[in-house]
Amino acid sequence: MDTFLPLRDDLRGRSAYGAPQLDVPVRLNTNENPYGPSPALAADLAAAVALAASELNRYPDRDATALRADLAAYLGHNLTPNQIWAANGSNEVLQQLLMAFGGAGRKAMGFEPSYSMHRLISLATQTDWVEGYRENDFNLDPERVVADVSTAQPDVVFLTSPNNPTGTALDLSVIEAVYEAATGIVVVDEAYAEFARDGVPSALTLLPGRPRLVVTRTMSKAFSMAGLRLGYLAADPELVDCLLLVRLPYHLSELTQAAARVALKHAPDLLNTVGTLRAERDRLVAEITALGCRVVPSDANFVLFGGLGDQTVTWQGLLDRGVLIRDVGLTGWLRATAGTPEENDAFLAALADVLREQLLRESQT
């Protein structure tokens, strides 16, 4: 980057967020849903976009009132539209939260490894970042977490359940303890909530009586709508009102709102793929374990596995065989998204081949 440009000092030398976008037969690196929209949904989307196109000379509903009502109905838990807010992907939701409650002279805290955009958006909004402690098994110890939050007293606390990149889910008692210890807002990122195993509760159940608690969701994963860019949150109405102070005017286009509402009408069909992906995720856990790797139990649509030594060698070996997964920067660990059965078969075969080749090399040295 050219040094003569007057870039902020705290951004100089940093790299932009991104994952490799490579043209390979099997792409399991970005936690997308491998099942695209049905023909029926595609037809309804086309009709809705055509109808919306007739009024594109007008600004959209800047408060997305109809969409928020539909999202409240989808989430349930007696939520009302004024408890919902939506934006262009969950990242914009996170950005608006940090613009409203973070900023210069304020602090945000997270427990890494976790979703890296929590830290990156904090830095972009000039919010100081404080890293809390995560156990070696990637879980959170309630007493340690409470101690970290009590000491730092951050203005924003990020909890992620299921966590990315580990797939681990939080017990609600951890969230309750953090909320009691915190004086700022507590954000529970539930981007992968629909993939959680049976019996894993949502933080949505904790919202009543907790005006500083926020639960964020996305339509990118379970809804197969990563290309739509629609994220949303549930919180106290007063907290939602605070976000109106920092949102850009008419930030959600008429086309985005129309498409999201159509997708919500098709929610039962779209979410049919979730059961398939949960089964495939559990198969990956079992079969990668059988290959001799350490695997973290997952409540998301991906699996983190380790015991690899230099994970970059394994990653490259898989890529050489036409399989792209994610190196998340954890020494000895890689993350693979659950794909279709055929994609997972190809990944497992390639992984077995790579591991076998590595063992052979080690035996010869």
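Leaving aside neighbours within four places in sequence, which residues is Asp-61 in contact with? In this predicted model, the partners of Asp-61 are Ala-66, Glu-254 and Gln-257. Asp-61 itself is found in the loop between helix 1 (39-53) and helix 2 (65-75). With a relative accessibility of 31%, Asp-61 counts as partly exposed, and the side chain of Asp-61 makes a polar contact of 2.7 Å with the side chain of Thr-65. The C-alpha atom of Asp-61 is separated by 9.4 Å from that of His-251, a residue 190 places away along the chain.

A second loop position, Gly-76, lies between helix 2 and strand 2. Gly-76 is also worth a look for its setting: at 24% relative accessibility, Gly-76 counts as partly exposed. The C-alpha atoms of Gly-76 and Leu-204 are separated by 9.1 Å, with these positions 128 residues apart along the chain.

Glu-112 offers another loop residue to follow, this one in the loop between strand 3 (107-110) and helix 4 (116-124). At 18% relative accessibility, Glu-112 counts as buried, because the cut-off for that class is under 20%. The side chain of Glu-112 makes a polar contact with the side chain of Arg-119 at 2.9 Å, and another with the side chain of Trp-129 at 3.4 Å. When neighbours within four places in sequence are set aside, the residues in contact with Glu-112 are Arg-119, Trp-129, Glu-131, Gly-132 and Arg-134.

Attention can now turn to the nonpolar interior. In soluble globular proteins, nonpolar side chains tend to be buried together. Here the largest nonpolar core has 52 residues, of which Leu-67, Val-149, Leu-159, Ile-175, Met-219 and Leu-230 touch the most other members. For Leu-67, the residues touched, not counting those up to four places away in sequence, are Ala-86, Leu-230, Leu-252, Gln-257, Ala-260, Arg-261 and Leu-264. A second core, separate from this one, consists of 25 residues and includes Ile-288, Cys-293, Leu-324 and Phe-347.

Ala-86, one of the residues touched by Leu-67, belongs to strand 2 (residues 84-87). In a regular strand the side chains alternate between the two faces of the sheet. In strand 2, Ile-84 and Ala-86 point one way while Trp-85 and Ala-87 point the other way, and all of these residues are buried. Strand 2 pairs with strand 8 (residues 231-235) in the antiparallel sense, over 4 bridges. Within this pairing, Ile-84 stands opposite Ala-234 of strand 8.

An open sheet is formed by 3 strands in the order 9-10-12, with antiparallel pairing. Strand 9 (294-295) and strand 12 stand at the edges with a single partner strand each, so one side of each is left without a neighbour in the sheet. Between strand 10 and strand 12, the antiparallel pairing extends over 4 bridges. Phe-302 stands opposite Thr-337, a residue of strand 12.

Aromatic side chains give a further view of how separate parts of the chain come together. The structure holds 6 aromatic pairs. One of these is formed by Phe-138 and Trp-333 in an edge-to-face arrangement, with 5.1 Å from centre to centre and 80° between the planes. Phe-138 lies in the loop between strand 4 (128-131) and helix 5 (142-152), and Trp-333 in the loop between strand 11 (323-324) and strand 12 (334-337), so the pair ties together parts that are 195 residues apart in sequence. Both Phe-138 and Trp-333 are buried.

Phe-305 and Phe-347 form a tilted aromatic pair, at 6.1 Å centre to centre and with 55° between the planes. Phe-305 lies in strand 10 (residues 302-306) and Phe-347 in helix 12 (residues 341-364), so this pair ties together parts that are 42 residues apart in sequence. Phe-305 is buried, with a relative accessible area of 0%, and Phe-347 likewise counts as buried at 0% relative accessibility. Phe-347 is also one of the members of the second nonpolar core.

Two tyrosine rings are met by arginine side chains. The charged end of Arg-144 sits over the ring of Tyr-133, at 4.0 Å from its centre. Over the face of Tyr-179 lies Arg-212, at 4.2 Å from the ring centre.

Technical notes. Residues are numbered from 1 along each chain as its sequence is written. This is a predicted model: local features need pLDDT of at least 70, side-chain atom pairs count only at pLDDT 80 or more; totals for chains, interfaces and linings use all residues. Side-chain values use heavy atoms; hydrogens and water are left out. A nonpolar core is a set of buried Ala, Val, Leu, Ile, Met, Phe, Trp, Tyr and Cys residues joined through side-chain atoms within 4.5 Å. Buried means under 20% relative accessible area, exposed over 50%, partly exposed in between (1.4 Å probe, protein chains only). Contact means heavy atoms within 4.5 Å. Rings of Phe, Tyr and Trp (its six-membered ring) pair if their centres lie within 6.5 Å; planes under 30 degrees apart count as stacked, over 60 as edge-to-face and the rest as tilted. Helices (H or I, at least four residues) and strands (E, at least two) are DSSP runs, numbered from the N terminus. A charge sits over a ring if NZ of Lys or CZ of Arg is within 6 Å of the ring centre and within 35 degrees of the ring normal. Two strands pair if DSSP finds at least two bridges between them. A polar contact is a pair of N or O atoms within 3.5 Å; within protein, one must be able to donate a hydrogen and the other to accept it, and residues adjacent in sequence count only if both atoms are side-chain atoms.
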